[in-house]
Amino acid sequence: MKYSSQKVAYAYFVAALGLFAIQVLVGLIGGWIYVSPNFLSELLPFNIVRMLHTNALVVWLLLGFFGAAYFIIPEESEREIHSVKLAYIQLLILVVGTLGAVVSYIFGIHEGREFLEQPLWVKVGILVAALIFLFNISMTVLKGRKTAITNILVIGLWALSLLWLFAFYNPANLSLDKMYWWYVVHLWVEGTWELVMASILGFLMLKLTGVDREVIEKWLYIIVATALFSGILGTGHHYYWIGLPGYWQWIGSIFSTLEVIPFFLMMTFSFVMVWKGRKNHPNKAALLWSLGSATVAFFGAGVWGFLHTLHGVNFYSHGTQITAAHGHLAFFGAYVALNLAVFTYAMPMLKGRNPYNQVLNMGSFWLMTGGMSFMTFVLTFAGTIQTHMQRVVGEDFMTVQDQLTVFYIMRFGAGAAVVLGAILFIYSVLVPRKELFTETSGSKPVTGSNPEAQAVLEGGR
């Protein structure tokens, strides 16, 4: 860690990990409700469980992005963060707003719009926090070195913050409501967040592989161009059945098919950088998470998204468990695994302690990735059966749901594996091993206070 202000990222990462734990645990409860619908029905209805699960996901990913920015930008800009105090104030606002939203949901106080259920005062708090963040990072970047990584990261973060303004607009017309609603939901996860993903992945490849910056920057510009070209008009695949003009069926089908390209490029980019790399970086766990993120994102967001993005297919599959399969694998690969990759890379330096338990960390990767992959396959089969029985044969919804119980039981088992993996990950990054014996040190323990450990912490220099 080169700059003391990078320590701000640690507070963001810890807050994100806390919400991550809540998100997967609540998700496991939601998975069991599919098996036993009356579970907690009086105390915590399913619609509230789902709000907590999805909102916790979005907020902890944003906290991870903000923390990653506070870790990456000083190093890329070659200067300290403009104001450490503002960074902590921003975090405080976000944490208070998150806790307020959770309490509101439990008592049934919400606006009812999926993903945007937050009460108005929470939305305002998020906006204030975003403005503080934009000011802080913009001042840091403007006064320091400009790189492709910081430029793309800042553009992505500015865009996602500005798109949040549409969360305040809730027209009475349902078609208009849904149209502007997707400006936030789609243009975040299939637009601006892809820019954030590309920049963070580029930074990790730069540090973990040692490939020349010029090579990485060329790849990043191509990835970003394809992401914006396909992602903006790809919003049309959400406009098929909400009352908008029919031409969106063709625009959405064509451009959302092209959305596979940036994810394929990010996967290719990651493996090519490792292949070209000259550095045998000691943090193998961070490299595993980085490659895993790009690969799973390609299959979850790219392949599984393509499976039902054409309007002729979507006419039958829309709103079935196929959508859930795509959403779970896409979010996990593109953004969950990416955040866990940057946490894995940065935490040893932020904590100033080494060694950390890479074996446990990598074990958590395989547990979570395996569990999420199995969950995706289970939900895909369930959605295929649901599509046929409900949309083709014409069986009523609840009759079909009864036939899917065995799939929901398997989905719950997969969710339990993901929760176990999440717990192992959190333990591995927050509670590192006390000592490690290496061949070079003989019987001498490697700890964060000796030169050998410091070399590992700083990237094997």
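Student: Where in the chain is the place of Phe-168?

Tutor: In this predicted model, the helices α5 and α6 are joined by a loop. Helix α6 covers residues 174-209. The place of Phe-168 is in the loop between α5 and α6.

Student: Is Phe-168 buried, partly exposed or exposed?

Tutor: The relative accessible area of Phe-168 is 33%. Buried means under 20% and exposed means over 50%, with partly exposed in between. Because 33% falls between these limits, Phe-168 is partly exposed.

Student: Which helix supplies the largest share of the nonpolar patch?

Tutor: The nonpolar surface patch has an area of about 590 Å² and is made by Leu-120, Val-124, Val-128, Trp-158, Leu-162, Leu-165 and Phe-168. Two helices, α4 (120-142) and α5 (148-163), each supply at least two of its residues. The largest share is three residues, and the helix that supplies them is α4.

Student: How are α2 and α3 oriented to each other, parallel or antiparallel?

Tutor: Helix α2 spans residues 46-77 and helix α3 spans residues 84-106, and their axes lie 10 Å apart at an angle of about 175°. An angle over 145 degrees counts as roughly antiparallel. Therefore α2 and α3 are roughly antiparallel.

Student: Which residues of α3 make the contact with α2?

Tutor: From α2, the contact uses Ile-48, Met-51, Leu-52, Asn-55, Val-59, Leu-63, Phe-66 and Tyr-70. On the side of α3, the residues are Ala-87, Gln-90, Leu-91, Leu-94, Thr-98, Val-102, Tyr-105 and Ile-106.

Student: How are α6 and α9 oriented to each other, parallel or antiparallel?

Tutor: Helix α9 comprises residues 260-276, and its axis is 10 Å from that of α6, at an angle of about 5°. Angles under 35 degrees count as roughly parallel. Therefore α6 and α9 are roughly parallel.

Student: How many salt bridges does a search of the whole structure find?

Tutor: Side chains of opposite charge can pair when their charged atoms come close. One such bridge joins Glu-114 to Arg-50, with the closest N and O atoms 2.7 Å apart. A search of the whole structure finds salt bridges numbering six.

Student: How many residues apart in sequence are the parts that Glu-114 and Arg-50 tie together?

Tutor: Glu-114 forms a salt bridge with Arg-50. Glu-114 lies in the loop between α3 and α4, whereas Arg-50 lies in helix α2, so the parts tied together are separated in sequence by 64 residues.

Student: Which residue meets Arg-213 in a salt bridge, and is that residue buried or exposed?

Tutor: The side chain of Arg-213 meets that of Glu-76 at 2.7 Å, N to O. Arg-213 lies in helix α7 (residues 213-233) and Glu-76 in helix α2, so the pair ties together parts that are 137 residues apart in sequence. Arg-213 is partly exposed, with a relative accessible area of 22%. The value for its partner is 1%, which is why the residue asked for, Glu-76, counts as buried.

Student: Is Arg-113 buried or exposed, and what is its relative accessibility?

Tutor: Arg-113 forms a salt bridge with Asp-177, and their closest N and O atoms are 2.7 Å apart. The pair links distant parts of the chain, with Arg-113 in the loop between α3 and α4 and Asp-177 in helix α6. Asp-177 counts as buried at 10% relative accessibility. Arg-113 also counts as buried, and its relative accessibility is 7%.

Conventions. Residues numbered from 1 in each chain as written. Predicted model: local features only at pLDDT ≥ 70, side-chain atom pairs only at ≥ 80, totals over all residues. Heavy atoms only, no water. Patch = residues over 30% accessible without salt bridge, like charges linked within 9 Å, V, L, I, M, F, W, Y side chains within 5 Å. Areas by Shrake-Rupley, 256 points an atom, 1.4 Å probe, with all protein chains shown as cover. Salt bridge = Lys/Arg side-chain N within 4 Å of Asp/Glu carboxyl O. Helix = DSSP H or I, 4+ residues; strand = E, 2+ residues; numbered from the N terminus. Buried < 20%, exposed > 50% of the residue type's maximum accessible area, 1.4 Å probe, protein only. Axes fitted to C-alpha atoms, helices over the stretch in contact; angles between N-to-C directions. Parallel < 35°, antiparallel > 145°, perpendicular 65-115°, else oblique. Contact = heavy atoms within 4.5 Å.
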